[in-house]
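With the model open in your viewer, please set the display to a cartoon with side chains available on demand. The tour that follows moves from one selection to the next.

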Amino acid sequence: MVQKNAEYRRLVVDRQRRLSETLGVSGYEDKVRDLIIAEIEPIVEKYWVDAMGNLIAIMGEPGKSPILLDAHLDEIGLMITHVTDQGFAYFTPIGGWDERLFLGQTVVAEPQSTRIHGVIGALPPHITRAEDRKKSMDVESLFIDFGFLTKDEADAAGVKVGSVCTLDSGFQELPGGRLKGKAFDDRTGCNILVQTACNLAKKELPHQVCFVWAVQEEVGTRGARTAAYALDEQYHITMAVACENTTAGDVPGVPPQRCPSRMGKGPAITLVDANTVVSKMVSDLLITTAEENKIPYQIKTPASGGTDAGAIHLTRAGIPSGVVSVPGRYIHSPATIIDIKDVLGAIDLVTAFTLMP
Ligand SMILES: [Zn+2]
């Protein structure tokens, strides 16, 4: 098993911070991809970026029952649709947001080389009417305030129609080994794959391993679809595992039967979700691997939501696919909380799975 010490844990936490802090809204994942390329370049046999923008890397001997490991690069975000004469920016959501979250949030954008921040303007009670504050919110009426006074100032900062941004709350290490930040869905999976590649380096591999860091999962598992097609055509993939950040429901107000997973209880193994009934062969193998290696795990209980496995398992003649997830409280928000133990457990599980003959 992988050597685990404070240095290894620090490496994983620091990578989680860098991945989380990087901006990579669906379709605009290049900075996240570059960060991962810098880490894997010295250890993989080869890698390339395909036409969609997916990062694909190969380790191990060609033809040795190839397996595919997937995580998605993108995060949900916002795209600016209109800038007013005073420099206020209207926007449209990209990916699945709960729009009630928007009001008053901090926004991060990188319209040019430097990072800028703004807020989604929320009028204070002093200038709103009590009856208006009870009305439901209309996302089309919301705007981002980058602090500009004029459209010229917005232009000069590079804020224009088509600029992408997202909500941010900052990355923090919480007490007890928990982490808080944006885009843990699915930079956590990206981290799991990078660390797995590091753990496999210089080892005799029983499988050829095809890594996919996929684009555009949040808008319909689009990157994984083309990457899996190309890899299956070239390498004949025998099975696949998508690594994700899934919903933890262990918070007040969620009855046990609606709780998909619990933070701190180990990586969650999916049996069924909205777009796949997981291959029993793959889920059994994942469970056996966890048990043989004494890795605490949990079964994700059926709930909505899907992953890249939904696209991968329907590739060409079909690829048996499974999902391993790190539970996250408040996913699809600017402040998700995860437990580093679950991340380390997921890395152990995926590494051990990949090393199983
Ligand atoms: Zn995801």
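Begin with the hairpin that S10 and S11 form, in which three residues lie between the two strands, and bear in mind throughout that this is a predicted model. Within the turn, pick out Gly-176, whose phi is positive at about 80 degrees.

Next, select residues 172-174 for S10 and residues 178-181 for S11, which run antiparallel to one another and are joined by three bridges. To see one of these pairings at the level of residues, display Leu-174 together with Arg-178, its bridge partner in S11.

Now add residues 336-339, which make up strand S17; S11 and S17 also run antiparallel, and four bridges join them. Here the pair to display is Leu-179 and Ile-338, the latter belonging to S17 and standing opposite the former.

With the three strands selected together, you have an open sheet in the order S10-S11-S17, with antiparallel pairing. Which strands are the edge strands? They are S10 and S17, each of which pairs on one side only. If you then turn the view to look across the sheet, the twist to look for averages 30 degrees from one strand to the next.

Definitions and conventions
Residues are numbered from 1 along each chain as its sequence is written. This is a predicted model: local features need pLDDT of at least 70, side-chain atom pairs count only at pLDDT 80 or more; totals for chains, interfaces and linings use all residues. Two strands pair if DSSP finds at least two bridges between them. Axes are lines fitted to C-alpha atoms, for helices over the stretch in contact, and angles run from 0 to 180 degrees between N-to-C directions.
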